[in-house]
Amino acid sequence: MDFSYPAEVEQFRVELRDWLSANLTDELVAARRPSGRDDASFELLRAWSATMSDAGWAAVSWPREYGGRGATVLEQLVYTEETTRARAPMPLNVIGMNNIAPAIMQYGTEEQKKTLLPRMMRADDIWCQGMSEPEAGSDLASLRTRAVRDGDAFVVNGQKIWTSLGHRAHWCQLYVRTDPDAPKHQGISCLIVDMKLPGIEVRPLVTLNGDTDFAEVFFHDVRVPAEALLGPLDGGWQVATTTLSHERAGAARLYAEMQVRLVELVDDIAAHSDALDDPVTLRRLGEIAVRIKYLEVLCQRSISATLHGGSEMTAFGSASLAKTVWGEIGQDMAALAFDVLGTRGDNAGWANYRLTSRSLTIAGGTTQINKNITAQRVLGLPRK
Ligand SMILES: Cc1cc2nc3c(=O)[nH]c(=O)nc-3n(C[C@H](O)[C@H](O)[C@H](O)COP(=O)(O)OP(=O)(O)OC[C@H]3O[C@@H](n4cnc5c(N)ncnc54)[C@H](O)[C@@H]3O)c2cc1C
């Protein structure tokens, strides 16, 4: 792996650092892990998304015509490391920008790209992604929310669940079944749905720590204009698995985030307890530090495969493995922090992390599913 940076990439780093030190406030750093209930920090983060967009720092990997910088993989890597280490909040529409925008860029009309993408980037509009249903999570292709064509509209009925930002969203990228008779992967379509349409009912879900980060969304005879179809009719699976991701170095956030958290944890333990004199705590911290190093190497392997033209399969398989390792490290760090500090420390943040860390091995693909992917694509084992 070759991670020495050319001069122009170092120049990019300097520009970004200068911009961050001029614009990133302590208030923003404190708000970077927002509570879904806290409207004030949500609005602060919304304003931050706009500030980053207007300066061209919100989506450096996007092509210039959609407000990005067309950044190279190395520039993206530097961007991810620098923003994470500076503790800059992520853009509010992170799911939208990473997962929905690439599909709009690939399948959307020029009009959709021009109107939807800049507003998504600035967080003028909040986006959610309606995939999971009560009976369709890991097996997404089992989804049953139905859309039936009726004149100039699709009539949608059904339910989504675990929809992040669903209760705040203006738009939803919604996956629906348009052909119930086709094999399950072939009868799905993708719609871009205005969340203000009559018949949409959003019920916020309160999680273990009292936050409201996601919602259940119900569709009762919702008439969605036919032009809201994104990609081919019955070709929604293709849209969902679109590989046109411009974000090639996102995996770097996994290890950079854990490095930052570990430093914060050691600082907090030193400030609030004597546990740094305790050999058991030191051993647990040391083990986590080693595993973060391992995570860094795994992520760099995935990024290196992209950088040096390795197969997409290797990159995807390594990224799945890295996500699993990241989730497990996060849960172990949260358990250690809570064992040592309880509710002490920065605004009881570790107790909160202890509760939210349960989701690290579920969201964005469960650990079991990622292990299946690792087995098949990295180790080359048979499906059965
Ligand atoms: C914080 C968070 C945010 C989320 N945001 C969104 C969102 O914005 N939009 C959205 O659509 N969804 C969202 N989700 C839902 C998420 O995608 C699903 O929770 C996830 O895909 C798992 O589906 P499930 O919960 O239905 O569990 P299931 O798929 O029912 O799985 C239950 C258990 O069985 C295991 N399992 C299932 N299939 C297999 C298999 N083939 N082999 C081995 N083990 C298996 C799983 O690993 C898991 O342990 C979010 C979830 C979380 C936690």
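**Figure 1. Close-up of the ligand and the residues around it.** In this predicted model, a polar backbone atom of Met131 is 2.9 Å from an oxygen atom of the ligand. An oxygen atom of the ligand also has a polar side-chain atom of Thr366 at 2.6 Å, and a nitrogen atom of the ligand lies 3.2 Å from a polar side-chain atom of Asn372. The ligand is surrounded by 17 residues, and the closest of these are Ser132, Ser138, Trp162, Thr366 and Gln368. Thr366 thus appears both among the closest residues and as the owner of a side-chain atom that lies 2.6 Å from a ligand oxygen.

**Figure 2. Close-up of the second largest pocket and its lining.** The volume of the second largest pocket is about 150 Å³. Its lining is made up of Gln112, Leu116, Trp171, Ile192, Val193, Asp194, Leu197, Val224, Pro225, Glu227 and Ala228. Two or more of the lining residues come from each of helix 6 (110-121), strand 5 (188-194) and strand 7 (214-225), and strand 5 gives the largest share, three residues. When the lining residues of this pocket are sorted by character, eight are nonpolar, one is polar and two are charged.

**Figure 3. Close-up of the segment that UniProt annotates as a domain.** An unreviewed UniProt entry places the feature "domain: Acyl-CoA oxidase/dehydrogenase middle" at residues 128-222. Over residues 128-222 the chain is 52% strand and 0% helix, and the C-alpha atoms at the two ends of this segment are 17 Å apart.

**Figure 4. Close-up of the loop between strand 3 and strand 4, with Leu165 and Arg168.** The loop that runs between strand 3 (153-164) and strand 4 (171-177) holds Arg168, and Leu165 lies in the loop between strand 3 and strand 4 as well. Most residues other than glycine have a negative phi. Leu165, although it is not a glycine, has a positive phi of about 60°. Leu165 counts as buried because its relative accessible area of 17% is under 20%. Arg168, with a relative accessibility of 18%, counts as buried too, and the side chain of Arg168 is joined to the side chain of Asp39 by a polar contact of 3.1 Å.

**Figure 5. Close-up of Asp234 in the loop between strand 8 and helix 7.** Asp234 is found between strand 8 (229-230) and helix 7 (236-240), in the loop that links these two elements. Asp234 is not a glycine, and yet its phi is positive, at about 65°. The relative accessibility of Asp234 is 25%, so this residue counts as partly exposed.

**Figure 6. Close-up of Ser53 and its contacts with backbone atoms.** Ser53 is part of helix 3, which covers residues 39-54, and with a relative accessible area of 10% this serine is buried. At 3.0 Å, the side chain of Ser53 reaches the backbone oxygen of Met121, while a polar atom of the Ser53 side chain lies 3.5 Å from the backbone nitrogen of Arg122.

**Figure 7. Close-up of Thr207 in the loop between strand 6 and strand 7.** Thr207 has its place in the loop between strand 6 (200-205) and strand 7, where its relative accessibility of 23% makes it partly exposed. The side chains of Thr207 and Asn209 are joined by a polar contact of 2.9 Å. Thr207 and Leu355 are 148 residues apart in sequence, and their C-alpha atoms are 9.0 Å apart in space.

**Figure 8. Close-up of Lys371 and Trp19, each with a residue from another part of the sequence.** Lys371 belongs to helix 12 (residues 367-378), and with a relative accessibility of 49% it counts as partly exposed. From C-alpha to C-alpha, Lys371 and Glu216 are 28 Å apart in space, and 155 residues separate them in sequence. Trp19 lies in helix 1 (residues 7-23) and counts as buried at 14% relative accessibility. Trp19 and Asn352 are 333 residues apart along the chain, and a distance of 31 Å separates their C-alpha atoms.

Technical notes
Residues are numbered from 1 along each chain as its sequence is written. This is a predicted model: local features need pLDDT of at least 70, side-chain atom pairs count only at pLDDT 80 or more; totals for chains, interfaces and linings use all residues. Side-chain values use heavy atoms; hydrogens and water are left out. On a 1 Å grid over the protein atoms alone, a cavity is a set of points where a 1.4 Å probe fits but cannot get out, and a pocket is an open set with protein on both sides within 12 Å along at least five of seven lines; lining residues have an atom within 4 Å of a point. Grid points are joined across faces, edges and corners, and a volume is the space filled by probe spheres set on the points. Helices (H or I, at least four residues) and strands (E, at least two) are DSSP runs, numbered from the N terminus. Ala, Val, Leu, Ile, Met, Phe, Trp, Tyr, Cys and Pro count as nonpolar, Asp, Glu, Lys and Arg as charged, and the others, Gly among them, as polar. UniProt positions are given in the numbering used here, feature names are shortened, and annotations may be inferred rather than shown by experiment. Buried means under 20% relative accessible area, exposed over 50%, partly exposed in between (1.4 Å probe, protein chains only). A polar contact is a pair of N or O atoms within 3.5 Å; within protein, one must be able to donate a hydrogen and the other to accept it, and residues adjacent in sequence count only if both atoms are side-chain atoms. A residue is near a molecule or strand if one of its heavy atoms lies within 4 Å of it.
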